[in-house]
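This report looks at a few selected places in a protein model and describes what surrounds them. Please keep the sequence and the structure at hand while reading.

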Amino acid sequence: SGSSDPYCVVKVDDEVVARTATVWKSLTPFWGEEYTLRLPHGFRTFAVYVLDEDTIGQDDVIGKVSLSRQQISAEPRGVDGWLSLAPVDPDKEVQGEIHLELRVPEQGHPRVLRCHLIEARDLAPRDPSGTSDPFARVSCCGHTLETAVIKKTRFPHWDEVLELEVAEAEVGKAVLSIEVWDWDIVGKNDFLGRVEFPLDTIRDPTKGWFQLLPLPSTTKDHGGQLGALRLAVRLVEDRVLPPHYYQPLIHLLAEPILYPAQVGAVGWGGPSGAASDLAMPTLPSPQPPAGTALAILEEVTLGESRQDVATKLVKIFLGQGLAVPLLDYLTTHELARTMDSNTLFRSNSLASKSMEQFMKVVGLPYLHEVLKPVVNRIFEEKKYVELDPGKMELSRSRRISFKGSLSEARVRESSLELLKGYLGDIVDAIVGSVEKCPLLMRVAFKRLRRRVEERFPSAQHEEVRYFSISGFLFLRFFAPAVLTPKLFGLRDQHADPRTGRTLLLLAK
């Protein structure tokens, strides 16, 4: 068809740790998926493989991007940009470890190098059965020996001792090479990995698990011929201390909410705890002082890091039972500096990002209950929907009518009916979900409405109280979930192009 069905596999030190959804029939796929991986301190490489999913046979590898720990660590803000895909040679893609014990006697003529090959684990599968037929090959100073072949396993146990003679003059410069191969009855054997040891570095004995490495690369840069991957990778090293170390910081952040009178603000109050989230004091709108930790934090937080700061603030204040007062504080601060009601909460401020993150944390199960039935039906029906005459494919309308192609007007009419039907079901589901909406979300929006009414009390601003809520609930919650259900956990896979177009029109 001239296209692919691409997906990505993420590997750390050749171990698969994540897989994206498949984007069907596209040469310019968008995934938008984010993973937080907890890695060992000693990891070496991070790689993303782009593959083409095939319903018959094995998936095709398009290319990969590989970054070393040093490359990622060298960029404090992370690696972020378009990186050219490099070709992948299956014979050089390795994984797994081998368990060895090596001994080189200090005396003897000639010296006898003793290699005890115990076992290997997590080898790459090379056979259609998902396993391999591994054997090990030991080479040094022109001598080569092999172990027995262990059939149909990725975890072979050899427990064999191979001995090679090494001339005294060669000990200082000789290298011991141990390779693992997959035996094939027809054709050439497949390479599974290797380890090397200069003889002068072997201590008597040297024993342990050693990671298998690929053959030295001879691949040249293909200049982006395989395409490029837009990737953002950041390495963060966190040292987590016992909880009491963080209490002064939490107290400082919560101070203007817990003790408003002491910092010159009014309107927030109530003790720490979940009950304080549900309190609705009838007090005048506060004017948050500029000197609090929260106010300063917003001033010094750059746009690109506001999402991270908002996520952490919401988690901290949810843990303290103060999430709603936090949102009340931030939105009131935003209202105080908004002159035009038409621009209210339109920017990606700390208040907007915090409310967005709050809805995702508190309201995700609610979102699933409301939208999932309709979204699943849209995916299953795969109806052709298009309103733009410039994008209509009238030949597709044969699937709508057996009487031949339909006119633009008929396709548009059919599309409008389908969209109205889907949209009506979505709106009915949302309107009928009042009792299912989490109590914290309802209290947060009730406070928001009250603050907006206090800030814009005139009759000409009567509708602002509703727009302020719908701007969050629809534009930042329901509509994005309809547009990209995969990113909100509503579907396991991204939509195909036809379904994606329907979702885009519905979200608009």
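## A threonine, a surface patch and a helix

In this predicted model, T147 touches L117, F135, A136, W158, E160 and L162, if residues up to four places away in sequence are not counted. The side chain of one of these neighbours, W158, is also joined to the side chain of T147 by a polar contact of 3.3 Å. T147 itself is placed in the loop between strand 9 (143-146) and strand 10 (157-166).

Is T147 buried or exposed? Its relative accessibility is 8%, and because buried means under 20%, T147 counts as buried. L39 also lies in a loop, the one between strand 2 (15-19) and strand 3 (45-52), and it is partly exposed because its relative accessible area of 31% falls between the limits of 20% and 50%. The table sets out the two values.

| Residue | Relative accessible area | Class |
|---|---|---|
| T147 | 8% | buried |
| L39 | 31% | partly exposed |

L39 also belongs to a nonpolar surface patch of about 340 Å², which it makes together with V17, Y35, L37 and L235.

The last place to look at is helix 11, which spans residues 497-507 and has R498, T499, R501, T502, L503, L505 and L506 as its buried residues. These buried residues pack against helix 7 (350-381), helix 8 (408-431) and helix 10 (464-483). At the start of helix 11, the backbone nitrogen of R498 has a side-chain oxygen of D496 within 3.1 Å.

Conventions
Residues are numbered from 1 along each chain as its sequence is written. This is a predicted model: local features need pLDDT of at least 70, side-chain atom pairs count only at pLDDT 80 or more; totals for chains, interfaces and linings use all residues. Side-chain values use heavy atoms; hydrogens and water are left out. Helices (H or I, at least four residues) and strands (E, at least two) are DSSP runs, numbered from the N terminus. Buried means under 20% relative accessible area, exposed over 50%, partly exposed in between (1.4 Å probe, protein chains only). A polar contact is a pair of N or O atoms within 3.5 Å; within protein, one must be able to donate a hydrogen and the other to accept it, and residues adjacent in sequence count only if both atoms are side-chain atoms. Contact means heavy atoms within 4.5 Å. Patches are made of residues with over 30% relative accessible area and no salt bridge: like charges are joined within 9 Å, nonpolar side chains (Val, Leu, Ile, Met, Phe, Trp, Tyr) within 5 Å. Accessible areas come from the Shrake-Rupley method with a 1.4 Å probe; for residues, only the protein chains shown count as cover. A salt bridge is a side-chain nitrogen of Lys or Arg within 4 Å of a carboxyl oxygen of Asp or Glu.
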